[in-house]
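This briefing introduces a structure to a reader who has not met it before. Please look over the sequence and the model, then read the notes that follow.

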Amino acid sequence: MQETAWQVSLVLMLMIAFGVVFVAINSGKREEEYGPLVKRAYSFRTKLFWVVALVFFPAMIYNLTGLPYSPKAVASSGPAEVINVTGHMWYWEMDRDQVEPNQPVDIRVTSADVNHGFGIYDPDLRLIAQAQAMPGYTNVIHITFPREGTYRILCMEYCGVAHHNMMTEIKVSKS
Amino acid sequence: MATYTYTPVPDQGAKAGVLAYLVISCVVLLLMMLFGLLMRMEQAQMISIGALWFYKIMTLHGAGMVGIVALAGAAIMWHFLRQYVDLSTGIFMANLILFLTGVVMILASVLLGDFHAAWTFLFPLPTTSMGMWSPGAAALFMGGLLVIGVGFVLLHLDIARAIISRYGGLGRGLGWPQLFGPDDGNAPPPAVVASTMVTIVNLIGLVVGASILVMMLINVYVPTFEIDPLLAKGMIYFFGHVFINAVIYMAVIAVYEILPRYTQRPWKSNKVFLASWTASTIMVMFIFPHHLLMDYAYPKWFLIMGHIIGYLNTFPILIVTGYGAMMIVYRSGIRWDMCSRLLFVSLFGWAVGAMPAFIDGTITVNYVMHNTLWVPGHFHTYLLLGMVAMVFGFMYYLGKPNENAPDSPLDVAAFWGFVIGTLGFTMSFLYSGKISAARRYAEHLPEWVPYDKIASYFAMLLIASVLVFIFRFLTRLGLASRDYQRASLARSMAT
């Protein structure tokens, strides 16, 4: 997902850059009559609007599929295992730290004091899921760890002077 | 119907109050940039200031930057708006005094009281310090923000009063008669439309922000006065999002007002323009859930609304204001100087910064990129290369000795240093976000450090360039208050 976000951003930013450079290069020689130029520009803008709309609207709708707020259907059967997590200044309290690969897991995240963020990093140090740890509320991360390894947990919401040290691990291995 | 004949507008010098705003903006902006550089160098392991100082500086950097860009944006808005409506200089200066009072309170809270709960003051962190700061320090910080907010409320109330008395209502200030009825060509000019929008959203945002600040101030001393953390978070992000977005909508008035003088082409408040500003008025107030996408406790429809409006919000920026600037410059014979360069590049900065922003507002992306360095990556792009470029463009406009005065090679080099430095700095942020580097970390994991170093070098280039901009403005302060032709006329008109 991060790679896609990066590449799409770069493409869009480069397209804007090309447009701006094109205008800058073509800014020197003056076209005295602005009215006809405006008409041409408005006509082009209408086309541009529809191009952008036809790209953005389907993308917006498509990206509403697979939201993390509910469990995803997975091939494996059986109920999800549960990990209860409470964030404290500045450590994570978890009632278990080992699960099996390809096993659906519900991670129930809350906080005992201030806002924290429960961020799950895969063994390659890539963020794969997160939820805010909020006092008085429980947010549930529905996740299936795809492979064995040690997944690091980092705090994703600033919570004070040791925020960057608020780390722990979940071990994913076959029992 | 709109016509496309340009009517020359005389260039007016700035009032003393506007110059005071801008001088203070220069000083604070530079200081906050240096604070930002210190943070990046700490993460890059080039210096060692320790976690406590890192987070204190981070708190000052956030609060200082949000406050100072608001002040600079207000200076631009007030300078041009007063050419159309009757504004109170007393209120304008009262805002500055309240701002400086708030700044002193915030500085004291952080530097003397060790407060470091970040500028977002997320409840209940300010009142849950684990002994790191006192309740008094927390109250001083939040009180400082409140005082600054009161100043801006006064300013916007005065602007609302002036627009209502001149145009007959805020709806008329947004050009609704022309938007929803026949376009008689008499819609308010872009500066008035933008000021009306900013005034509406900021008054609502500031009242919400002040409300949660007062609630939290009571909670500091009366803990039994309980606050729902989820409600507090929503109110804080509503206020924060509206207020920081409003600064761009204030500063873009410089583009609307100055680029037409350079190109000798009008920037008209036609139906598309008016529709986009009305749409922005609504969207700026309803887009804030995109900060809360990882708070699953909110209703799902509320979070999806943030996702959808994030996409829609790009249209006014790209299709109306960004495109409008391109249209007015294309084949205009514009003469490029520091002012026109900075204003032109500011639209580029705003538009490119909006791209990674709306992508981050996509819920499935946010799930793996929220609170990584991707976030400061996008907002530094549109604030630095967008909003701050508008401010410096305005400063060069005010200080230009005459319409034909050439730029020195040092200024031109500083312009390119600013563009390259900002792009390098912000792309380093974005790339760090791509590799999942967490935001607001005093110490970075070894995998993230190389990009922190790259960012630090680009930040140094950026700050060196800004030093030139500021030096040039300060040396030309005497010119900035005078009325004379500054904008270079487009080529065929000038020759």
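In this predicted model, chain A is divided into domain 1, residues 2-62, and domain 2, residues 81-172. The centres of these two domains of chain A, taken over C-alpha atoms, are separated by 41 Å. The notes below treat chain A, then chain B, and then what the chains share.

**Chain A**

- Two helices and nine strands make up the secondary structure of chain A.
- Along the sequence of chain A, the elements follow the pattern α-α-β-β-β-β-β-β-β-β-β.
- Chain A is more spread out than a compact globule, because its radius of gyration is 24 Å, well over the 16 Å that the globule rule gives for 175 residues.
- The C-alpha trace of chain A spans about 75 × 45 × 30 Å along its principal axes.
- Of the 175 residues in chain A, 30% are buried.
- Among the contacts in chain A with a separation of 6 or more, 63% are between residues 24 or more positions apart.

**Chain B: overall form**

- Chain B has 18 helices and zero strands.
- The radius of gyration of chain B is 22 Å, which agrees with the value near 23 Å that a compact globule of 495 residues would have.
- Along its principal axes, the C-alpha trace of chain B extends over about 65 × 50 × 45 Å.
- Buried residues account for 63% of the 495 residues in chain B.
- In chain B, 83% of the contacts with a separation of 6 or more join residues that are 24 or more positions apart.

**Chain B: one helix and one loop**

- The 26 residues of α15(B) should span 38 Å at 1.5 Å a residue, and this agrees with the 37 Å between its end C-alpha atoms.
- B:Ser436, just after α15(B), takes a positive phi of about 75°.
- B:Met46 lies in the loop between α1 (16-43) and α2 of chain B.
- B:Met46 counts as partly exposed because it has 15 C-beta neighbours inside 10 Å.
- Not counting residues up to four places away in sequence, B:Met46 touches B:Met41, B:Lys453 and B:Ser456.
- Although B:Met46 and B:Val449 are 403 residues apart in sequence, their C-alpha atoms are 9.8 Å apart in space.

**The interface between the chains**

- In the interface, 63 residues of chain B are in contact with 67 residues of chain A.
- Several helices of chain B each supply at least two residues of the side that touches chain A, among them α2 (51-81), α8 (229-263), α12 (338-360) and α15 (409-434).
- On the side of chain B that touches chain A, 42 residues are nonpolar, 12 are polar and nine are charged.

**The largest nonpolar core**

- The largest nonpolar core has 229 residues, and B:Ile76, B:Ala251 and B:Ile253 are those with the most contacts inside it.
- α8(B) provides the largest share of this core, with 21 residues.
- Chain A also takes part, as at least three residues of this core come from each of its domain 1 (2-62) and domain 2 (81-172).
- Leaving aside its neighbours within four places in sequence, B:Ile253 is in contact with six residues that include B:Ile76, B:Met77 and B:Phe80, together with B:Ala191, B:Ala194 and B:Ser195.

Technical notes. Residues numbered from 1 in each chain as written. Chains lettered and ligands numbered in written order. Predicted model: local features only at pLDDT ≥ 70, side-chain atom pairs only at ≥ 80, totals over all residues. Contact = placed C-beta atoms within 7 Å. Helix = DSSP H or I, 4+ residues; strand = E, 2+ residues; numbered from the N terminus. Nonpolar A, V, L, I, M, F, W, Y, C, P; charged D, E, K, R; others polar. Expected span 1.5 Å × (residues − 1). Rg over C-alpha atoms; globule rule 2.2 N^0.38 Å. Buried ≥ 20, exposed ≤ 12 C-beta atoms within 10 Å, placed from the backbone. Domains from an automatic or database assignment. Core = buried A, V, L, I, M, F, W, Y, C linked by C-beta atoms within 7 Å.
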